[in-house]
Amino acid sequence: DDERTQLRSRIRRLLQAQNAVLVAHYYTDPELQSLAEETGGYVADSLEMARFGTETDAETLVVCGVRFMGETAKILNPEKRVLMPDLRATCSLDEGCPADEFTAFCDAHPDHTVVVYANTSAAVKARADWVVTSSIALPVVEHLAARGEKILWAPDKHLGHYIERVTGAEMLLWNGACVVHEEFKSFALERVRKLHPDAAVLVHPESPDEVVDQADVVGSTTQLIRAVAELPNREFIVATDAGIFWKMRQIAPDKILIPAPTAGEGATCESCAHCPWMAMNALQNLEQVLLTGDQEIRIDPAIRERAVVSIQRMLDFAR
Ligand code: 13P
Ligand code: SF4
């Protein structure tokens, strides 16, 4: 424990000396989330992480999350240095949507407006008309559908299908999925709900339809956290990455949080739903990157120039 305290103080000093801030996602290790908060950084969902990066005066952003979050930060802040504890932290949605195949798909449907989820590479964003995160996907698509636009959506088929069902928009869907949320089991969730009939069910929209259908609230990580604080229920069944429990407990310590099951037999297990790439962020490699400066995000300027347009469109819409 002494060692851990010393490690945290060394990181604190390094951040200060380099005018650097931590921007962490809710799915990262609570050690990182708490350190971000204690050092003037920020813990957030992917939309707010992007926004915070543009608002801080810090010269270096240390993004604790997955690669697309670091890339978005760099695209929006080309003058800032953007580091990550481990650049290999990817995302199954990003991996499942290679830029060349995606470009061919878009080229085959030139009459569609291209909307991509933030969980994609910079090159995919460069081909898009709009970037959206889970917190803003619904209103953006509603807005486009109201103008009569047909939508090409990538890469998350579950989120895409959810948006399609709610908005009634005409959407062509890429066949991608999040390996973490796809594991939630609807049958087992039904059993857990029977055991906790008064619990509100909170679901991230990257989950399969049959899980989303059982939700009281469907939303981004920030929206799910807010629901825990605002709904009168005492118990909550939560279908998203277990990293989120730290913030939920912090803001609503009296509430009872039950992880949604990722295995059959009504089993619940808090450590089951956890993104392996988010888990690549730790205090140790955070200190390392501050010492060495390697693991720096770099974006091809030609790609950056186009990707910033679709990301900025989202930020302007969100205002
Ligand atoms: P949020 O934008 O809701 O934080 O989601 C990001 C993500 O990767 C969810 O798996
Ligand atoms: Fe990607 Fe899923 Fe991990 Fe989020 S939880 S970063 S969508 S793999």
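Eight residues of domain 1 touch nine residues of domain 2 in this predicted model, where contact means C-beta atoms, placed from the backbone, within 7 Å of each other. On the domain 1 side of that contact, α3 (46-55) and α4 (67-76) each put in at least two residues. The largest share, five residues, belongs to α4. By class, the domain 1 side splits into three nonpolar, two polar and three charged residues; here Ala, Val, Leu, Ile, Met, Phe, Trp, Tyr, Cys and Pro are taken as nonpolar, Asp, Glu, Lys and Arg as charged, and the others, Gly among them, as polar. Helices are DSSP runs of H or I with at least four residues, strands are runs of E with at least two, and both are numbered from the N terminus.

The domains themselves run as follows: domain 1 covers 2-89 + 278-297, domain 2 covers 93-173 and domain 3 covers 181-259, with bounds that come from an automatic or database domain assignment. Between the C-alpha centres of domain 1 and domain 2 there are 28 Å. Residues are counted from 1 along each chain as its sequence is written, while chains are lettered from A and ligands numbered from 1 in the order in which they are written. Since the model is predicted, local features need pLDDT of at least 70 and side-chain atom pairs count only at pLDDT 80 or more, whereas totals for chains, interfaces and linings use all residues.

Back to α3 and α4, which also pack on each other: their axes sit 9 Å apart at an angle of about 35°. Axes are lines fitted to C-alpha atoms, for helices over the stretch in contact, and angles between N-to-C directions run from 0 to 180 degrees. The α3 and α4 crossing is right-handed, meaning the near helix is turned clockwise from the far one by less than a right angle (anticlockwise would be left-handed). From α3 come Ser-46, Met-49, Ala-50, Gly-53 and Thr-54, which meet Met-69, Thr-72, Ala-73 and Leu-76 of α4. That contact is made of five nonpolar, four polar and no charged residues.

A second helix pair joins α1 (residues 2-17) to α14 (residues 283-292), with axes that come within 10 Å and cross at roughly 30°. The two are therefore roughly parallel, a label for angles under 35 degrees (over 145 is roughly antiparallel, 65 to 115 roughly perpendicular and the rest oblique). This crossing is left-handed. Leu-7, Arg-8, Arg-10, Ile-11, Leu-14 and Leu-15 of α1 face Leu-283, Leu-286, Glu-287 and Leu-290 of α14. Seven of these residues are nonpolar, none polar and three charged.

Now the ligands. Among the residues around ligand 1 are Asp-45, Ser-46, Asn-119, Cys-178, His-204 and Glu-206, a residue being near if its C-beta atom, placed from the backbone, lies within 6 Å. The ligand 1 shell has one nonpolar, eight polar and two charged residues, and draws at least three from each of domain 2 and domain 3. Ligand 2 has 14 residues around it, the closest being Val-66, Cys-91, Cys-178, Val-180 and Cys-275. Its shell holds nine nonpolar, three polar and two charged residues.

Two backbone details round this off. The peptide bond from Ala-154 to Pro-155 is cis, with omega near -10°, and Pro-155 lies in the loop between β7 (151-154) and α9 (157-167). Asn-19, in the loop between α1 and β1 (20-25), has a positive phi near 50°. Most residues other than glycine have a negative phi, and most peptide bonds are trans.

Note on methods
Contact = placed C-beta atoms within 7 Å.
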